[in-house]
Amino acid sequence: MYQSAFELGHVALNVRNLDLQSQYYQQVLGLSVLHQDETQIDLGVGNTVLVRLIQTEELLDVAGSYGLYHLAILLPSREALAQIFKHFVDNSVPLIGASDHDYSEAIYLEDTEGNGIEIYRDRPVSEWDIREDGRIIGTTEAMDAEGLYRLATPLEGLYKMPEGSRMGHVHLSVRKSSISSEFYQNVLQVQDKFSVRSASWLASGNYHHHLAVNEWGGQGLTTRTEGMRGLAYYTVHFKDEQLYRDTIERAKRFAKDVEIGEQEASFTDLDGIKTRLVLNR
């Protein structure tokens, strides 16, 4: 089992076309509308919100700023990944790619405004390449698409993402990965599980990664500001109040724009990316 100080919650996106984006997450990813008003829609599985869409009038394309590289929804089994893959293939959903990372199998796509999405399943921890120093080594090979598709059963009616699906990790686009990696290690007390010159994969406890940062977008993107299209914030959930309070204290030392509430707080990194902390009592 995974052991960590926190779990990830929903990812919030600022979008120009609220209705079109909502339809995408319902029809393509199989999420359900859990709450809706004129400017915001929460989508998820069961009672769990996975994606929050927030109306914005900002025009800058999401690729022009730092923020989200992709949100990554973890499915409960390989069979569940096979079902959504069959749904994608049978409905000619455009995909960016599909990879075997050794510890996981992942499918990549983008929503209608260019926000990156990963849908994946984890292999059993016993199959991961875990080194003595705690690093977890991943690879990038071609996914066994034919084998995965054959595993799926015929779809009955509209596809729905299954119960037990949750936000597995969030991958961020940043100006300088080494600086961002150090920042998140300082504030969230995540550990570097694997790094290359231009990217780092970070986790709390013994997971392969809850966060990743990369500088693949280059040095010239725009720093995020409030309301900008793309990532509004992502959420980190704590069950332990002391861990929540300790994280806020570290944020006050290392982060910008720290806002503190009794059960919610937030901070911003050097690239304008906001993390929202939530205490679940």
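**Figure 1. Helix H5 and helix H4 against the eight-strand sheet.** Helix H5 (residues 241–254) lies across S16, S17, S18 and S19 and runs at about 155° to S19, while helix H4 (residues 177–188) lies across strand S16 (230–238), S18 and S19, at about 155° to S18. The model is a predicted one, in which local features need pLDDT of at least 70 and side-chain atom pairs count only at pLDDT 80 or more, whereas totals for chains, interfaces and linings use all residues. Residues are numbered from 1 along each chain as its sequence is written, and side-chain values use heavy atoms, with hydrogens and water left out. Helices (H or I, at least four residues) and strands (E, at least two) are DSSP runs numbered from the N terminus; contact means heavy atoms within 4.5 Å; and axes are lines fitted to C-alpha atoms, for helices over the stretch in contact, with angles from 0 to 180 degrees between N-to-C directions. The open sheet has the order S2-S3-S4-S1-S16-S19-S18-S17, with mixed pairing, where two strands pair if DSSP finds at least two bridges between them. Its edge strands, each pairing on one side only, are strand S2 (32–36) and strand S17 (256–260), and neighbouring strands of this sheet are turned by 20° against each other on average, direction ignored. Within the sheet, strand S18 (residues 264–268) and strand S19 (residues 274–279) run antiparallel and are joined by five bridges, with lysine 274 of S19 as the bridge partner of threonine 268.

**Figure 2. The nine-strand sheet and its edge at S11.** This open sheet follows the order S11-S6-S7-S8-S5-S12-S15-S14-S13, again with mixed pairing. S11 and strand S13 (191–196) stand at the edges with a single partner strand each, so one side of each is left without a neighbour in the sheet. S7 and S8 are antiparallel and joined by seven bridges, and glutamate 110 has glycine 116, in S8, as its bridge partner. On the edge strand S11 (residues 141–142), alanine 142 is exposed, with a relative accessible area of 66%; buried means under 20% relative accessible area, exposed over 50%, and partly exposed in between (1.4 Å probe, protein chains only). Leaving aside neighbours within four places in sequence, alanine 142 is in contact with Ala98 and Asp100.

**Figure 3. Helix H2 and its packing partners.** Helix H2 (residues 78–90) has 13 residues and reaches 18 Å from its first C-alpha to its last, close to the 18 Å expected, that span being 1.5 Å times one less than the number of residues. The buried residues of H2, among them Leu81, Ile84, Phe85 and Phe88, pack against helix H1 (18–27), S7, strand S8 (116–122) and helix H3 (145–151). At the N-terminal end, serine 77 caps H2 through a side-chain oxygen that lies 3.5 Å from the backbone nitrogen of glutamate 79, and H2 is followed by serine 92, whose phi is positive, near 55°.

**Figure 4. The largest nonpolar core, seen around tyrosine 184.** A nonpolar core is a set of buried Ala, Val, Leu, Ile, Met, Phe, Trp, Tyr and Cys residues joined through side-chain atoms within 4.5 Å. Of the 62 residues in the largest one, Tyr25, Leu29, Ile119, Met161, Tyr184 and Tyr234 touch the most other members, and H2 gives the most to this core, with six residues. Beyond four places in sequence, the contacts of tyrosine 184 include Leu172, Leu202, Val213, Tyr234, Phe267 and Ile273. Apart from this core lies another, of 13 residues, including Ala72, Ala106, Trp128 and Trp201.

**Figure 5. Histidine 101 and aspartate 102 in the loop between S6 and S7.** Histidine 101 is found between strand S6 (97–100) and strand S7 (104–110) and is buried, with a relative accessible area of 12%. Its side chain is joined to that of tyrosine 108 by a polar contact of 2.6 Å; such a contact is a pair of N or O atoms within 3.5 Å, of which, within protein, one must be able to donate a hydrogen and the other to accept it, residues adjacent in sequence counting only if both atoms are side-chain atoms. Not counting residues up to four places away in sequence, histidine 101 touches Ala106, Tyr108, Gly138, Thr139 and Thr140, and its C-alpha atom is 8.7 Å from that of alanine 142, 41 residues apart along the chain. In this loop, aspartate 102 is partly exposed, with a relative accessible area of 27%, and has a positive phi, near 80°.
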